[in-house]
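The following exercises are to be worked with the sequence and the structure at hand. Each task is followed by a solution in steps.

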Number of protein chains: 2
Amino acid sequence: MRTSQLFISTKKEAPAEAELLSHKLMLRAGLIKRLGSGLYTWMPLGLRVLRKVEAVVRSEMNAAGAQELLMPAVQPKELWEETGRWDVFGPQMLKITDRHERQFCFGPTHEEVITDIARSELRSYKQLPANFYQVQTKFRDEIRPRFGVMRAREFMMKDAYSFHASFESLQQTYDVMYGAYSKVFTRLGLQFRAVAADTGAIGGSGSHEFHVLADAGEDLLAYCPTSDYAANVELAEAIMPDSPSALRAAATQAMTDVDTPKQTACADVAALLGVGVERTVKAIALVTVAGEFVLALLRGDHNLNEVKIAKLEGMADFRFASDDEIRAALLCPPGFIGPVGINADIRVIADLTVAAMSDFICGANKPKFHLSGVNFGRDLPEPHIVADIRNVVNGDVCPDGKGGVLELCRGIEVGHIFQLRTKYSEAMNCVFVTEQNTQQAMEMGCYGIGVSRIVAAAIEQNHDAKGIIWPAAMAPFSVAVVAVGYHKSEAVKAAADQLYAQLVAAGVDVLLDDRNERPGSMFADMELIGIPHRVTIGDKALAEGMVEYVARREGEMKKIALSEALAWIQAQTKI
Amino acid sequence: MRTSQLFISTKKEAPAEAELLSHKLMLRAGLIKRLGSGLYTWMPLGLRVLRKVEAVVRSEMNAAGAQELLMPAVQPKELWEETGRWDVFGPQMLKITDRHERQFCFGPTHEEVITDIARSELRSYKQLPANFYQVQTKFRDEIRPRFGVMRAREFMMKDAYSFHASFESLQQTYDVMYGAYSKVFTRLGLQFRAVAADTGAIGGSGSHEFHVLADAGEDLLAYCPTSDYAANVELAEAIMPDSPSALRAAATQAMTDVDTPKQTACADVAALLGVGVERTVKAIALVTVAGEFVLALLRGDHNLNEVKIAKLEGMADFRFASDDEIRAALLCPPGFIGPVGINADIRVIADLTVAAMSDFICGANKPKFHLSGVNFGRDLPEPHIVADIRNVVNGDVCPDGKGGVLELCRGIEVGHIFQLRTKYSEAMNCVFVTEQNTQQAMEMGCYGIGVSRIVAAAIEQNHDAKGIIWPAAMAPFSVAVVAVGYHKSEAVKAAADQLYAQLVAAGVDVLLDDRNERPGSMFADMELIGIPHRVTIGDKALAEGMVEYVARREGEMKKIALSEALAWIQAQTKI
């Protein structure tokens with residue numbers, strides 16, 4: 001295509017409301033245009049990228065044996081009432097009333113619709129397994145849409161749903177889809193990780209999220225560089241090689257009051273004492289739903305994992321204690337509280353790491369004082385409960401037992417696969433006749449990919465100060481041929497037109513920049529837009545039979561003979 | 001693809017609610033599945049057809065220089081208020097309120113959104129013309145959705161919008177799009193006509209509808225087989241070679257009362273008198289918005305064209321008179337009314353044909369009587385107004401002046417192109433800077449194709465008692481290889497697998513029917529589904545090295561050597 005035929009609208013500045021880098025770059029490069037809160041038009045250049053992602057997703061879904069269909073976006077309330085989700089889904093669901101006062105929603109997801117299809121179309125074990133997918137516009141009425149297409153209200157999603165006669169069959173398809181997802185993100189040229197995800201109320205281990213790694217990611221992930229272990233930090237287990245008490249060293253110090261007039265944070269106390277923060281213990285005051293006051297103990301540099309502690313007995317739906325509650329229970333203001341000398345009724349939950357510590361430093365339960373040389377058993381009772389209640393940190397032992405060490409990174413969730421089991425099939429009576437002629441609820445899996453979000457995630461992972469750097473498979477064009485002086489120099493025009501024609505004939509996705517613009521402005525546009533390869537044709541080099549080549553990611557200019565340009569580009573763009 | 005990997009769900013009977021043949025066949029062939037009123041899932045087989053239509057549309061839009069983008073389905077109320085259409089569009093627009101109580105609609109069309117894009121992105125004449133299109137899910141809350149995807153509420157549409165610095169430029173793009181539409185329907189293998197359409201309030205001649213010709217079509221079209229004239233019957237002009245009075249023969253009969261005790265319809269009166277119905281005149285009583293009683297005269301075998309008569313002075317929004325109003329004005333019950341001897345104040349509007357008649361038969365304004373031998377000027381005054389107020393009929397002179405004769409046919413509207421001119425750009429201040437540095441509202445065109453409706457329309461045009469007969473470009477598969485005894489005969493399996501592999505390698509879109517079903521049932525499925533070419537591989541013919549070929553449209557079986565089957569099919573499927 002020629003730029004003269006393509007709508008290009010690059011901007012020097014992004015609107016102030018764009019916070020995230022990918023959002024800014026997408027607006028500046030003219031890939032998207034805002035219509036309203038969480039509503040974006042995909043402009044011609046952006047749509048080219050979106051379609052390339054779609055094509056890779058489709059190709060891998062087809063290869064995985066999934067069949068494409070297309071369900072309506074608008075779904076009747078009655079179906080959602082069968083699963084109880086009409087009321088449960090919450091305000092994210094955009095509800096609609098039609099002219100006959102019947103209620104519908106703009107589908108945020110399609111479990112109900114596909115299960116309705118399956119229960120009427122799949123009757124026998126002979127028809128199972130079956131796996132259906134669609135690429136479709138979804139709507140979720142986010143309370144605060146932001147980050148452009150990263151968290152838009154209207155977005156493009158690939159959703160697949162599989163139906164099975166047995167759990168084994170579900171597990172098999174789940175594994176195939178896991179593999180297909182890995183291929184999708186690999187083909188798209190993205191650094192990603194599949195992480196074990198929380199299966200919530202359904203339980204089991206059958207759920208994985210696929211994350212594109214990027215500093216701006218909303219999710220914190222823990223992974224092991226030497227194995228394939230990866231998990232959301234909320235779920236990653238912090239393990240110990242032995243029981244905490246077996247690891248605990250013997251006490252060597254006497255418990256001593258330490259004057260900490262202004263130091264309330266562990267790091268500040270440690271600095272005052274000239275010791276590492278890992279020698280400190282912080283106490284976090286919590287209140288259970290039953291109204292019980294509880295003290296959680298964590299090493300000073302560790303953070304409470306609310307998901308983990310909520311799973312302990314009586315701790316579901318706990319909350320943090322108020323300052324007044326802390327004063328009432330411990331007779332001490334926040335900032336100096338600790339586990340020593342407190343009312344014996346107060347339940348103390350110590351993290352595994354804390355339970356293995358000796359001679360530690362903690363709050364003294366006395367304003368402006370901490371204690372050093374504190375030891376369990378001697379200065380205070382053993383904790384009531386010892387458990388893994390913290391987030392893992394860099395350097396923690398990997399819980400898969402293969403001897404590796406965890407590292408943390410941030411990720412953007414772009415895919416999620418899930419073993420639904422019989423949650424929907426039981427609620428909607430989606431049964432089949434077994435080989436033994438009995439009726440049984442189908443096992444189900446669901447598999448989502450945020451197609452439009454992938455575009456933003458790819459930019460978060462692949463950019464520099466000049467703009468986007470598209471991975472080959474997602475680039476709107478593989479090659480930009482920038483013709484400097486196309487409208488002034490016959491030689492440039494002839495060379496550019498010829499190379500363009502050759503590349504088109506060779507099946508290379510090429511954009512010929514034939515605009516009458518300053519070279520700097522054309523280069524800046526092609527860099528902002530992120531086209532992976534650029535060939536510049538200008539009078540000066542052309543006089544020597546040469547053109548200039550720059551790879552977007554490397555940025556270094558090479559001179560190439562015009563006569564070899566076609567072959568050179570073909571070699572660079574071969575995926 | 002193999003049938004064992006494809007979800008096929010054919011049915012012997014269509015549900016009772018399906019009235020239209022295409023709707024029945026689509027349900028029976030398992031192309032679509034109903035979710036709710038006017039809401040259909042495109043099942044895998046149906047989606048293949050839909051995607052083929054989409055691909056042809058895209059290819060011709062791109063060739064016409066239109067650029068694809070994708071606008072949100074959900075549109076804010078504020079934009080529609082700028083054009084006043086929020087209130088005007090009526091209950092067909094599905095209105096939505098989001099969680100923040102802001103109002104939106106599920107876009108029934110996108111003039112407002114694209115004009116909003118154009119006014120901020122297209123600022124200079126240098127950026128014009130520009131033509132954008134999208135293929136998108138639309139929603140129109142039809143009061144009575146019916147006929148399956150023919151008149152669904154949620155449907156797939158290609159909508160394009162062009163922007164211009166001058167009317168000449170609009171006209172140019174309009175012509176290009178007219179050509180592109182013709183290519184789309186030609187490539188899809190459909191018999192169609194482009195007909196001049198009513199431009200309503202905007203006026204001018206810049207609107208054409210594209211109709212697929214089919215007996216079940218909702219629209220009645222008039223076309224000339226010897227020229228390219230075609231128009232909706234509502235708009236086709238009934239012309240006369242000369243003025244009616246010049247064509248009128250001299251009176252030869254005396255006006256006579258005719259006893260017609262039970263005959264009220266012209267045809268019955270003519271039959272009673274033993275003359276042709278074209279000798280009779282019927283009077284139709286109308287009331288204008290001002291309350292004036294008007295008599296319209298038409299030849300007995302002609303029908304009133306309400307669009308045409310409404311354009312006469314004072315006749316806008318007329319209605320038919322009630323029986324009581326007729327009795328009050330003419331002192332005669334309906335069925336026997338006529339123009340003779342009536343109050344001179346009553347305005348008489350005669351169709352051109354009637355004005356040219358002499359010695360005609362009409363109601364006597366006397367219960368149970370008609371008059372014969374009636375003549376204008378002698379028995380009643382010349383009509384107050386003489387005009388073309390009827391629908392054209394088979395055999396009318398073509399109004400293009402090329403000497404042809406009109407024929408009538410029925411059509412299904414699948415495309416509409418329209419010169420919007422400055423209706424939206426003026427309402428929304430969509431202006432550009434001209435070469436003379438002045439500001440001017442852009443000229444606009446819009447161009448729609450009912451992508452999902454095309455699938456149904458194609459079936460209405462292409463079917464037989466056995467099912468669908470897809471035109472080549474729309475077929476879900478080009479060729480069905482039916483392997484009879486695939487699971488029993490090694491020879492059949494080997495031959496079928498080999499031919500299948502050869503066809504796949506040759507790029508032929510082939511479906512291998514490897515199901516363990518009765519041959520009759522497999523044939524019936526492939527015929528119902530409408531695959532254009534079928535090769536049957538069975539033991540008997542195979543023993544002689546032969547396979548059987550049937551073209552779906554012809555239905556005649558030919559024996560072909562297995563060794564020549566590949567070449568034969570390639571020759572048949574070459575488009």
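**Exercise 1.** Identify the residue of E19(A) that is the bridge partner of A:Asp259, and place the strands concerned within their sheet.

*Solution.* The model is a predicted one.
Step 1. Begin at A:Asp259: its bridge partner in E19(A) is A:Phe369.
Step 2. Extend the view to the whole strands. Strand E19 of chain A covers residues 369-374, and 4 bridges connect it to E13(A) in an antiparallel arrangement.
Step 3. Add the remaining strand. The order E13-E19-E18 in chain A describes an open sheet of 3 strands with antiparallel pairing.
Step 4. Locate the edges. Strand E13 (256-259) and strand E18 (360-366) of chain A each pair on one side only, and are therefore the edge strands.
Step 5. Consider the geometry: from one strand to the next, the twist averages 40°.

**Exercise 2.** Describe the contact between chain A and chain B by its residues and its buried area.

*Solution.* Step 1. Count the participants: chain A contributes 55 residues and chain B contributes 55 residues.
Step 2. State the area. The two chains bury about 4500 Å² between them, and 61% of this lies on carbon and sulfur atoms.
Step 3. Find the leading contributors. Of the area that chain A buries against chain B, 16% is supplied by A:Leu35, A:Leu70 and A:Arg99, more than by any other three residues.

**Exercise 3.** Examine the polar side of the interface between chain A and chain B, including its salt bridges.

*Solution.* Step 1. Apply the salt-bridge rule, with its limit of 4 Å between nitrogen and oxygen. Across the interface of chain A and chain B, 8 salt bridges are found.
Step 2. Inspect an example. A:Arg51 and B:Glu68 form a salt bridge in which the closest N and O atoms are 2.9 Å apart.
Step 3. Include polar contacts: 26 residue pairs, with both residues at pLDDT 80 or more, are counted between chain A and chain B.
Step 4. Determine which element gives the most to the side of chain A that touches chain B. This is helix H5 (residues 111-121) of chain A, with 5 residues.
Step 5. Classify that side of chain A: 29 residues are nonpolar, 11 polar and 15 charged.

**Exercise 4.** Explain why the salt bridge of A:Glu82 with A:Arg119 ties together separate parts of the sequence.

*Solution.* Step 1. Set the total: over all chains, the structure holds 80 salt bridges.
Step 2. Check the pair. The closest N and O atoms of A:Glu82 and A:Arg119 are 2.7 Å apart.
Step 3. Assign the elements. A:Glu82 belongs to helix H3 (residues 77-83) of chain A and A:Arg119 to helix H5 of chain A, so the salt bridge ties together parts that are 37 residues apart in sequence.

Notes. Residues numbered from 1 in each chain as written. Chains lettered and ligands numbered in written order. Predicted model: local features only at pLDDT ≥ 70, side-chain atom pairs only at ≥ 80, totals over all residues. Heavy atoms only, no water. Pairing = 2+ DSSP bridges. Helix = DSSP H or I, 4+ residues; strand = E, 2+ residues; numbered from the N terminus. Axes fitted to C-alpha atoms, helices over the stretch in contact; angles between N-to-C directions. Contact = heavy atoms within 4.5 Å. Buried area = accessible area lost by both parts, 1.4 Å probe. Salt bridge = Lys/Arg side-chain N within 4 Å of Asp/Glu carboxyl O. Polar contact = N/O pair within 3.5 Å; in protein donor to acceptor, adjacent residues only side chain to side chain. Nonpolar A, V, L, I, M, F, W, Y, C, P; charged D, E, K, R; others polar.
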